Amino acid sequence: MLFVTFRNKLLEARDSRHRALLRALTVRTPAVLSLALNIPGQGKTPPGSAELFCWGRDRLERSFSGLVEFQGGEDAAGHYALFLLGTAPLLAKVRCLALEESRPAARLLDLDVFDRLGRPIDRALLGLSQRTCLACSRPAKECIRTGSHDQPALQRRIDDLLAPFRPGKAVRRPDRGAA
């Protein structure tokens, strides 16, 4: 019963985020950027996740002048924010990929860019291979689809990646709350 409740709340959160994206797309802007975290399993906000999210937001603010937050918060799927961008979508995606690859924990950032028509700008459009799995070097979608890794193994990997961001570590958390 708990899994069904979690699944329903997760689906509600995804639907709500999608409705927010549709609203953001009505604003005349070249692109919309979604910031979230890729945390598999039911624990979407483990220790260090809020700090990583704030670090990612800070790096986005440094990378994009005129970044405007449209909506953000925390729901059953974890921390998220939607931003309006004055940057061309392809250039925005390239900058986001650089951020995702800038340090090991940034691998948990989920930075999606959409053009003004709502089309996602994905890695394939840039001629890049699919994102790799957290636990191995195969494409992440393949491992998710086949259930290649058990949850405890994935959780250990996530814990390792988030360790530098846990409270009390040296990473600065912007003064704006958990997001």
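Mentor: A residue is called buried when its relative accessible area is under 20%, and exposed when that area is over 50%. The model before us is predicted, and strand 1 is a good place to apply the term: seven of its seven residues are buried.

Trainee: Which residues of strand 1 lie on one side and which on the other?

Mentor: Ala 31, Leu 33, Leu 35 and Leu 37 are on one side, with Val 32, Ser 34 and Ala 36 on the other. Every one of these residues is buried, and both faces of strand 1 are thus covered.

Trainee: How should I read the pairing of strand 1 with other strands?

Mentor: Strands of a sheet pair through backbone hydrogen bonds, either parallel or antiparallel. In this model, strand 1 (residues 31–37) is joined to strand 4 by seven bridges, and the two run antiparallel. Six bridges join strand 1 to strand 3, again antiparallel.

Trainee: What is the bridge partner of Leu 35 in strand 3, and which residue of strand 4 stands opposite Leu 33?

Mentor: Leu 35 is partnered by Ala 81 in strand 3. Leu 33 stands opposite Val 113 of strand 4, while Ser 34 has Asp 112 as its bridge partner in strand 4.

Trainee: What is the order of the strands in the open sheet?

Mentor: The sheet has five strands in the order 2-3-1-4-5, with antiparallel pairing. Strand 2 (68–75) and strand 5 stand at the edges with a single partner strand each, so one side of each is left without a neighbour in the sheet.

Trainee: How many residues of strand 4 are buried, and how is strand 4 connected to strand 5?

Mentor: Five of the seven residues of strand 4 (residues 109–115) are buried, so strand 4 is largely enclosed by the rest of the structure. Strand 4 and strand 5 form a hairpin with four residues between them, and Gly 118 in the turn has a positive phi of about 90°. Two bridges join strand 4 to strand 5 (residues 120–121), which run antiparallel. In strand 5, Ile 121 is the bridge partner of Val 113.

Trainee: Asp 115 belongs to strand 4. Is Asp 115 buried or exposed, and which polar contact does its side chain make with another side chain?

Mentor: Asp 115 is buried, with a relative accessible area of 8%. Its side chain forms a polar contact of 2.6 Å with the side chain of Arg 119. The side chain of Asp 115 also reaches the backbone nitrogen of Leu 117 at 2.9 Å. Leaving aside neighbours within four places in sequence, Asp 115 is in contact with Leu 25, Pro 30, Pro 89 and Ile 121.

Trainee: Let us turn to the helices. Which strands does helix 3 lie across?

Mentor: Helix 3 (residues 89–100) lies across strand 1, strand 3 (78–85), strand 4 and strand 5, and runs at about 175° to strand 4.

Trainee: How many residues of helix 2 are buried, and what covers them?

Mentor: Eleven of the 15 residues of helix 2 are buried, so helix 2 is largely enclosed by the rest of the structure. Among them are Phe 53, Trp 55, Arg 57 and Asp 58. The cover over the buried residues of helix 2 includes strand 1, strand 2, strand 3, helix 3, strand 4 and helix 5. From its first C-alpha to its last, helix 2 reaches 21 Å, close to the 21 Å expected at 1.5 Å a residue.

Trainee: How does one recognise a helix with a buried face?

Mentor: An α-helix has 3.6 residues a turn, so residues three or four places apart point the same way. In helix 5 (residues 151–162), the residues Leu 154, Ile 158, Leu 161 and Leu 162 are buried. Seen down the axis of helix 5, its buried residues fall within an arc of 90°, so they line one face of the helix. These buried residues pack against helix 2 (49–63). The face of helix 5 turned away from the buried side carries the exposed residues Arg 156 and Asp 160.

Trainee: Which residue caps the N-terminal end of helix 5?

Mentor: Asp 150 is the cap, with a side-chain oxygen 3.0 Å from the backbone nitrogen of Ala 153.

Key
Residues numbered from 1 in each chain as written. Predicted model: local features only at pLDDT ≥ 70, side-chain atom pairs only at ≥ 80, totals over all residues. Heavy atoms only, no water. Expected span 1.5 Å × (residues − 1). Buried < 20%, exposed > 50% of the residue type's maximum accessible area, 1.4 Å probe, protein only. Arc of directions from axis to C-beta. Contact = heavy atoms within 4.5 Å. Polar contact = N/O pair within 3.5 Å; in protein donor to acceptor, adjacent residues only side chain to side chain. Pairing = 2+ DSSP bridges. Axes fitted to C-alpha atoms, helices over the stretch in contact; angles between N-to-C directions.
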